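Me: Please show me the model and its sequence. I will ask what justifies each label.

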Number of protein chains: 2
Amino acid sequence: MYRIGELAKACNINHDTLRFYEKNALLTPSSRSESGYRLYTEKDKDILEFILRAKNVGFTLSEIKELLSIEVDKANNACADVKTLVDTKLQTVENKLAELIRFQASLKRLSDACCGGEESAEHCTILEALESDTNAVRHEHHHD
Amino acid sequence: MYRIGELAKACNINHDTLRFYEKNALLTPSSRSESGYRLYTEKDKDILEFILRAKNVGFTLSEIKELLSIEVDKANNACADVKTLVDTKLQTVENKLAELIRFQASLKRLSDACCGGEESAEHCTILEALESDTNAVRHEHHHD
DNA sequence: ATACACCTTTGACTTAACTCCAAGGTCAAT
DNA sequence: ATTGACCTTGGAGTTAAGTCAAAGGTGTAT
Ligand SMILES: [Zn+2]
Ligand SMILES: [Zn+2]
Ligand SMILES: [Zn+2]
Ligand SMILES: [Zn+2]
């Protein structure tokens, strides 16, 4: 049996996070002491570690809640259910990835076109690109 | 001169967003009508378009505020200042990118190991991976 | 005159995942 | 008996970038 501080320390998280997980029905301690202290079992700790691993893989807490609901009733859930969650998440990750790659390309294009020197920014190609309605970076008239 | 609704429509944003930008000192209308209506000039519109373009490139509003402060005083700012903002942003984008790529790899590894069939999830490799303390996916004992 | 679209202001709400605070109870050691 | 560490609860604050609502003023067309 772990008290809240012990479990938090063992798993290297804030004890308030445990209270937060409880409030959000991700992890409820198996029992309470007479005086009302939360008491977590080894099994509770296993669930917490499941949560932390899923978080590391990129799942949000509500997705993790879904995963947990399958976990506790594996027999009545199919591989398909689990894989769907993973694949849906994979898709959203890949969408974000695509957006970031567009950001990266735009920023790289801007950065590459600017000399980065101590010259006045009056002819800075970066500012010019952000002022103009095209996205084009014009290299030619950057400082005469 | 544009009234708030006209500018919002012209730039395809919510008029509340314009008020929000004003509150956050990104764009203040050049004048007001006698009755207090906000009046935006063409120049104001240019600034708004600058903001929207910068957003599209991935800058946050506070970063855009910095860019704008350089924009309005180009003569006293150097290319180096502008490029630093872009490169700093590029770095944070690339950091996020790296994290997402890790998520993607983990999820793909999980997904690939699971059959996704209608079999009970009792031996689902995804759940097993999330239960175990290693990150390894064990292909071998997925449904006997 | 009255409908109607448009404008004003203040201020609350949203999402995610915590994080912190205040006021007070519990427990072991001194 | 009194520290001091630990626990309890409820509730507020954080960040980003808006979005919405309420209550009321303005401007124009019929
Ligand atoms: Zn330059
Ligand atoms: Zn430059
Ligand atoms: Zn399977
Ligand atoms: Zn499976």
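**Contacts, bridges and burial**

Me: A polar side-chain atom of Tyr21(B) lies 2.8 Å from a phosphate oxygen of DNA strand D. Why is this called a polar contact?

Reply: A polar contact is a pair of N or O atoms within 3.5 Å; within protein, one must be able to donate a hydrogen and the other to accept it, and residues adjacent in sequence count only if both atoms are side-chain atoms. The Tyr21(B) distance is 2.8 Å, so the pair qualifies. Ser35(B) passes too, with a polar side-chain atom 2.9 Å from a phosphate oxygen of DNA strand D. In Thr17(B), a side-chain N or O atom is 3.3 Å from a phosphate oxygen of that strand.

Me: What are the ground rules?

Reply: This is a predicted model, where local features need pLDDT of at least 70 and side-chain atom pairs count only at pLDDT 80 or more, while totals for chains, interfaces and linings use all residues. Residues are numbered from 1 along each chain as its sequence is written, chains are lettered from A and ligands numbered from 1 in the order in which they are written, and side-chain values use heavy atoms, with hydrogens and water left out.

Me: What makes a residue near DNA strand D?

Reply: One of its heavy atoms must lie within 4 Å of the strand. For DNA strand D, 18 residues surround it, and the closest are Gly5(A), Arg38(A), Asp16(B), Tyr21(B) and Ser35(B). Of the strand D atoms that come within 4 Å of the protein, 72% belong to sugar and phosphate.

Me: Which elements supply that surface?

Reply: α1 (4–11) of chain A and α2 (15–23) of chain B each supply at least two residues. Helices here are DSSP runs (H or I, at least four residues), numbered from the N terminus. The largest share, four residues, comes from α2(B).

Me: How do you know what is near DNA strand C?

Reply: Here 18 residues surround the strand, the closest being Asp16(A), Tyr21(A), Gly5(B), Arg19(B) and Arg38(B). Sugar and phosphate make up 69% of the strand C atoms that come within 4 Å of the protein. A base is reached as well: a side-chain N or O atom of Arg19(B) is 3.3 Å from a base oxygen of DNA strand C. Leu61(A) uses a backbone N or O atom, 3.4 Å from a phosphate oxygen of the strand. Arg32(B) places a polar side-chain atom 3.4 Å from a phosphate oxygen of DNA strand C. The most residues on this surface, four, come from α2(A).

Me: What makes Glu131(B) and Lys74(A) a salt bridge?

Reply: The label needs a side-chain nitrogen of Lys or Arg within 4 Å of a carboxyl oxygen of Asp or Glu. The N to O distance is 2.6 Å, so the pair meets the cut-off. Glu131(B) sits in helix α6 (residues 125–131) of chain B and Lys74(A) in the loop between α4 and α5 of chain A, so the bridge joins two chains. Side chains of opposite charge can pair when their charged atoms come close.

Me: Is Lys74(A) buried or exposed?

Reply: Buried means under 20% relative accessible area, exposed over 50%, partly exposed in between (1.4 Å probe, protein chains only). Lys74(A) has 16%, so it is buried. Glu131(B), at 33%, is partly exposed.

Me: How many salt bridges link chain A and chain B?

Reply: The count is two. Lys74(B) and Glu131(A) form one of them, with closest N and O atoms 2.7 Å apart. On chain A, the side that touches chain B draws at least two residues from each of α3 (42–57), α4 (61–71), α5 (79–113) and α6 (125–131). The most, 21 residues, come from α5(A).

Me: What does the contact between the chains take?

Reply: It takes 55 residues from chain A and 55 residues from chain B, where contact means heavy atoms within 4.5 Å. Together the chains bury about 4800 Å², 71% of it on carbon and sulfur atoms. Cys79(A), Leu107(A) and Leu130(A) supply 15% of the area that chain A buries against chain B, more than any other three residues. Buried area is the accessible area (1.4 Å probe) that two parts lose on being put together, summed over both.

Me: What do Glu63(B) and Lys89(B) form?

Reply: They meet in a salt bridge, 3.1 Å from N to O. Glu63(B) lies in helix α4 (residues 61–71) and Lys89(B) in helix α5 (residues 79–113) of chain B, so the bridge ties together parts 26 residues apart in sequence. Lys89(B) is buried, at 6% relative accessible area.
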